[in-house]
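Let's take a friendly walk through a structure together. Keep the 3D view open, and turn it as you read.

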Amino acid sequence: MKAILIDDEISNLQNLRTLLEKHCPQVTIMATTQNIDDAVNIIEKYSPDLVFLDIQMGEQTGFDVLKLLPARNFEVIFVTAYDQYGIQAVKFAALDYLLKPIDIEELINAVNKAEHKLATQIQNLQLDFLLQQLKKPETNVSKIALQMQSEIRYVALSEIIRCEADNTYTRFFLSSNEKILVSKSLKEYADLLRPNGFLRTHQSHLINPKYVKSWLKEDGGILLLTSGEKIPVSKPNKGTVKQALQQL
Amino acid sequence: MKIKLNVMKKIIFIFLSLIVAVSTVNAQKGINFNSIYAAGGKLLMHVDSGARNVFYAIGFPNQPRTSFNYLPDVNNVSISINFRKNINIQHYRYTILADNKPIALNKPINMTQLKDTHAGGDEEIFSSATLGIFPVKGKIITTLIYSIDKPQDIDKAVFYGKPIPSAKILSFSMLSKSDQIYSTSWVKDPKGSTNFTFTEKDLQLNIVKDKSDIDYLYYTSIKDKKNNKIIFESTTWRYGGIISEDHEQLPFIEIDKNIFKKSGEYEIIIQPSIKWTSCFDCDISPKETEKYVTRHTLFITLAEENYTKKELYSYALMGTFVIGLNFLLILNAIKRRNKKRLTVAEQQKNTAKLQLNSIRAQLNPHFLFNALSGIQNLMNKNEIDNANKYLSKFARLTRNVLDDKELISLSQEKTLLDDYLQMEQLRFGFKYEINCSENLDLDNVEIPSMLLQPFVENAVKHGISKKATDGIIVITFTKQANDLVLTVIDNGNGFDTEKKNNGLGLQLSNSRIALLNSIYKENRFTLAIQPSTSGSKISLTLTDWL
């Protein structure tokens, strides 16, 4: 895999290079740069398969590099020290990211995933999706990218009835009666979707309040969804769920 | 033969000299001869069978020989006279008037008609004669009986078959005295209520009533409306002095003005001396009896209020209490307000400190993780010694951030900035120096911790990070008179002070300065930012700090 590293700090570039050379032999580093303008040129010049992109670069962001490119047919692994804003959108697009200092295992995973994706898809729609998301305010997100085994599904939040934990996976129940299994934990989606009104009713349940039909008093706390499913509400969540449903 | 014993006993009990006779005369004109009422003096009466509300033998103060019988429901009354055996009946004369016109005049008792009777249960035997049966409905029958032995002692009994009229107040008069001269002022034909103002020269208030044949029946009371207590009562009417248009002497009562202790509302009540509940088979509703009552409201104003000693004491006590209470309340309010002010100030200070702490904690994450990344790089490059050096610098910085220390010495701040800049140097490779005035006691002068760090971070981030090895940062600690001046100078691109969101660091610094000023009120912190194209200078002055 041809790779390009973009980071405004020389030490980070050095570090990443060292780690990749040591742990990811399938990656060939074509070039590194600390500068955004350079980055655009280098990408166009080398047509890399994989770009390691720092999010916070001085007063600019790695996203600016993406915006400046006419075509984005490569995989991106974002690298960031600390950036709430960017990370949220990246998560919605189901893109990969690494946190500094870099965890070697996470790095290997991310590279492997990228390799897998490169084999299955031609154009990276996720990056288009990401750039779209970035234009909107965080709570106004209407779609989420769900990484399935061999494809990426873009699902409207209004389509999601509920999510259920399945070990480290999360199963999405859509209004079309379709079920999607995603290899991320329910907690991640709970954090991601909370600003959009989704409610964690239970350790293994996240629901879209739009689909709540009624609150069944029997057996403590059970929500009846319009789909006819009964979802348990655990004791610690009762208060917040009740309050949230009253505000609807 | 049914005798109403209860009635009888009552009669005997009340009028000891009374003789009760039971007539055996057949019922005439519907009269119930089985029940007897005392009618005053030597008289007894029988009334219609079934007649209710027979108010009999009502006597009056100072009128020992007058008896009054009110018979509103009675059509006919049979009157009999009863003599003890030792009485010389032949000396007795009687006069009977119907509506003031004589039916019989000074007639002797018809001795042939006399019968022996005795009151029910009583052993004594009386001689009894009937004076007649009289229609009484709408009429007044009056009997006058005397013995020629004592012609002045005339027993008068009134059998009142008309409705008793309510009294009418014709006028009020006020008697006043000034300079030995008495004068009277009048309020004529008062309606409903009257206002009076009593001054020192006013003596008494007179109430003049309309003249009637039964003035003695009416008694007058005055009620204090504030507590509904009767403050005056009189059964006595005086005559003379006040004469009506048709030359009749009008009844009046005199009321000493001193009965009115207070200004306020009073009520004059004039009503017949009839106890409406005290008769056999009474059936008169309060609404009905109210028709007999005359009421008149007086609004009295006293030029000088009278107070009893008790009242004075209680007023004094109340006054003291009220003043004391107010005093306590005011004291309490002041105390509470002071306390509140103190707590508010304390709270503000606490909030400010908390905010300061949170801002302090916010300064670092981006730097912290990048610094760690830098150390990771050293490790991966096998620069173990350097990795160790920077790791301990990183630890020292982190410790300081985690430490809740409010103040640190200048030398500590210098060390921290040194550590920080060395870590940043690792990332960006610029040059820097930290200069201190020689006349500064670095070890003993203390400043709020992490005061300069955000400015230095800013200098690194926006100033020289792009210039790499050409960048220079100069930090100085200077003493200027009593002020401590801290400056951070860089040779970067400078920045626009107009642009508000010039990085999180600077924004935080501004709010930090504001917070510091709210905590250390006596020392003012001033921040001066001088940006230029060839770099920027930030100077922070701690006024009167040294």
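Start with helix α6 of chain B, where a little arithmetic can be done by eye. At 1.5 Å a residue, its 19 residues should span 27 Å, and the C-alpha atoms at its ends are 26 Å apart, so the expected and computed spans agree. Bear in mind as we go that this is a predicted model.

Now look at which parts of α6(B) are tucked away. Its buried residues are B:E413, B:L416, B:L417, B:Y420, B:L421, B:M423, B:E424, B:L426, B:R427 and B:F428. Following the helix is B:G429, which has a positive phi, near 70 degrees.

You can try the ruler again on another helix of this chain, α4(B). With 16 residues at 1.5 Å each, α4(B) should span 22 Å; the distance between its end C-alpha atoms is 22 Å, which agrees. Among the buried residues of α4(B) are B:F367, B:N370, B:A371 and B:S373, and further along you will find B:I375, B:Q376 and B:L378 buried too. Just past this helix, B:N382 has a positive phi of about 65 degrees.

Both helices also matter for our next stop, the place where the chains meet. Here 15 residues of chain B are in contact with 14 residues of chain A. On the chain B side, the elements that supply two or more residues are α4 (365-380) and α6 (410-428). Which of them gives the most? That is α4(B), with 10 residues. Sorted by character, the chain B residues on this side are 4 nonpolar, 8 polar and 3 charged.

Cross over to chain A, which has 8 helices and 17 strands. Of its 248 residues, 36% are buried. Consider the contacts in this chain between residues at least 6 apart in sequence: 56% of them join residues at least 24 apart.

A good landmark in chain A is an open sheet of 5 strands, in the order β2-β1-β3-β6-β7, with parallel pairing. Why do β2 (28-33) and β7 (96-99) each have one side without a neighbour in the sheet? They stand at its edges, and each has a single partner strand, so one side is left without a neighbour. On average, neighbouring strands of this sheet are turned by 20 degrees against each other, ignoring direction. For a close-up, find β6 (residues 75-80) of chain A, which pairs with β7(A) in the parallel sense over 4 bridges. There, A:F78 has A:Y97 in β7(A) as its bridge partner.

Two helices lie across strands of this sheet. Helix α1 (residues 10-23) of chain A lies across β1, β2, β3 and β6, at about 175 degrees to β2(A). Helix α2 (residues 36-46) of chain A lies across β1, β2 and β3, at about 155 degrees to β2(A).

Our last stop is further along chain A. Strand β15 (residues 212-216) runs antiparallel to β16 (residues 222-225), and 4 bridges join them. β16(A) also pairs with β17 (residues 230-232) in the antiparallel sense, over 3 bridges. One residue links this picture together: A:L223 in β16(A) stands opposite A:W215, and A:L223 also has A:I231 in β17(A) as a bridge partner. Between β16(A) and β17(A), which form a hairpin, there are 4 residues, and A:G228 in the turn has a positive phi of about 90 degrees.

How values were computed:
Residues are numbered from 1 along each chain as its sequence is written. Chains are lettered from A and ligands numbered from 1 in the order in which they are written. This is a predicted model: local features need pLDDT of at least 70, side-chain atom pairs count only at pLDDT 80 or more; totals for chains, interfaces and linings use all residues. Two residues are in contact if their C-beta atoms, placed from the backbone, lie within 7 Å. Ala, Val, Leu, Ile, Met, Phe, Trp, Tyr, Cys and Pro count as nonpolar, Asp, Glu, Lys and Arg as charged, and the others, Gly among them, as polar. Two strands pair if DSSP finds at least two bridges between them. Axes are lines fitted to C-alpha atoms, for helices over the stretch in contact, and angles run from 0 to 180 degrees between N-to-C directions. The expected span of a helix is 1.5 Å times one less than its number of residues. A residue is buried if 20 or more other C-beta atoms lie within 10 Å of its own, exposed if 12 or fewer, and partly exposed in between; C-beta atoms are placed from the backbone.
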